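Visitor: Please walk me through one part of this model in close-up, starting from a single side-chain pair and working outward. I'd like to see how that part links up with the rest.

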Amino acid sequence: MPVLGFKAQFEAPILAGTKRQTCRLERKDKRPHCKGGDIIDMVVGNRTPQRRVFARVHCAAYDPLTMWFGPDRSYCIGNAPEEAAHFRLDAFARADGFADWAALEEWFAAEHGCGPGSPFRGFLIRWYPPQVEAKPAPRLLTEADVVLDEARTLLAVRLPSERKRARR
């Protein structure tokens, strides 16, 4: 299952459904990140012990993307630069989790070194909003729950020789 790692700042907008896309550089091995229809795990803290899956979404589209910054502000989804969009820049930026195009441009300059004369070339991954699962209200622990939990903990701590016997 494909996995997309995100900075913590993007978790809330993804869960709220306001961030519905991400721009990614091409992978070093040239494999696609995902394809339309894939189920994607969204994670924060990827490749760390704090890694956490916070959403699971369906990929809606995976397309080549070029973004130009500075005076030539525009973006092109697909491989037809003549169709570059010079309008709706702020709407594109909001769908990517930014307040406006200026905020997107600032972030890409800091993260990827993009700027005038140095466009971003990669892929645009779009997904359907995550389905939020209803979680039951937390249950208050009773004394019996605490005793049961302690018993489970005691039973789980076994010597290696006892574990081998338990498997047989």
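**Around the loop between strand 2 and strand 3**

Guide: Start with E26 and K30, whose side chains form a salt bridge with N and O 3.4 Å apart. This is a predicted model, so take every value here as computed from it. The two partners are not equally open: E26 is partly exposed at 40% relative accessibility, while K30 reaches 57% and counts as exposed, the cut-off being over 50%. K30 belongs to the loop between strand 2 and strand 3. Its backbone deserves a look too, with a phi near 70°, a positive value in a residue that isn't glycine. Most residues other than glycine have a negative phi.

R27 is in the loop between strand 2 and strand 3 as well, and at 30% relative accessibility it is partly exposed. Leaving out residues up to four places away in sequence, R27 touches P32 and H33. There is also a long-range pairing to look at: the C-alpha atoms of R27 and G122 are 8.9 Å apart, although 95 residues separate them along the chain.

H33 takes us to the largest pocket, as it is among the residues nearest the pocket's centre, along with L4, G5, R24 and R47. The pocket holds about 900 Å³ of space and has 31 lining residues. Strand 1, strand 2 (21-25) and helix 3 each give two or more residues to that lining. Sorted by class, the lining comes out as 13 charged, 12 nonpolar and 6 polar residues.

R47 is worth a stop of its own. It is placed in the loop between strand 3 and strand 4, and its phi is near 65°, again positive in a residue other than glycine. R47 is exposed, with 79% relative accessibility, and yet it is one of the residues closest to the centre of the largest pocket.

Strand 3 (39-44) and strand 4 (52-68) are joined by another salt bridge, the one between D41 and R56, with the closest N and O atoms 2.6 Å apart. D41 sits in strand 3 and R56 in strand 4, so this pair ties together parts 15 residues apart in sequence. D41 is buried, at 9% relative accessible area.

Now go back to strand 2 and see what touches it. D96 lies in the loop between helix 2 (89-95) and helix 3, and at 2% relative accessible area it is buried. Setting aside residues up to four places away in sequence, D96 touches Q21, T22 and C23, together with F10, K19, L104 and F108. With strand 2 spanning 21-25 and helix 3 spanning 101-112, you can place several of those contacts on elements that also line the largest pocket.

Helix 3 has a salt bridge to follow as well. E111 pairs with K7, with 3.8 Å between the closest N and O atoms. E111 is in helix 3 and K7 in the loop between strand 1 (3-6) and helix 1 (11-16), so the link connects parts that are 104 residues apart in sequence. Both ends are partly exposed, E111 at 39% and K7 at 40%.

Zooming out, the structure has 8 salt bridges, the ones above among them. The protein is built from 5 helices and 6 strands, in the order β-α-β-β-β-β-α-α-β-α-α along the sequence. Of the contacts with a separation of 6 or more, 63% are between residues 24 or more positions apart. Buried residues account for 35% of the 168 in the protein, and the accessible surface is about 11400 Å², with 54% of that belonging to carbon and sulfur atoms.

One last stop, away from our loop: C76 in strand 5 (residues 74-77). C76 is buried at 3% relative accessible area, and its C-alpha is 9.2 Å from that of H86, 10 residues off in sequence.

Notes:
Residues numbered from 1 in each chain as written. Predicted model: local features only at pLDDT ≥ 70, side-chain atom pairs only at ≥ 80, totals over all residues. Heavy atoms only, no water. Salt bridge = Lys/Arg side-chain N within 4 Å of Asp/Glu carboxyl O. Helix = DSSP H or I, 4+ residues; strand = E, 2+ residues; numbered from the N terminus. Buried < 20%, exposed > 50% of the residue type's maximum accessible area, 1.4 Å probe, protein only. 1 Å grid on protein atoms, 1.4 Å probe; cavity = no way out; pocket = protein on both sides within 12 Å on 5 of 7 lines; lining within 4 Å. Points joined across faces, edges and corners; volume = space filled by probe spheres on them. Nonpolar A, V, L, I, M, F, W, Y, C, P; charged D, E, K, R; others polar. Contact = heavy atoms within 4.5 Å. Areas by Shrake-Rupley, 256 points an atom, 1.4 Å probe, with all protein chains shown as cover.
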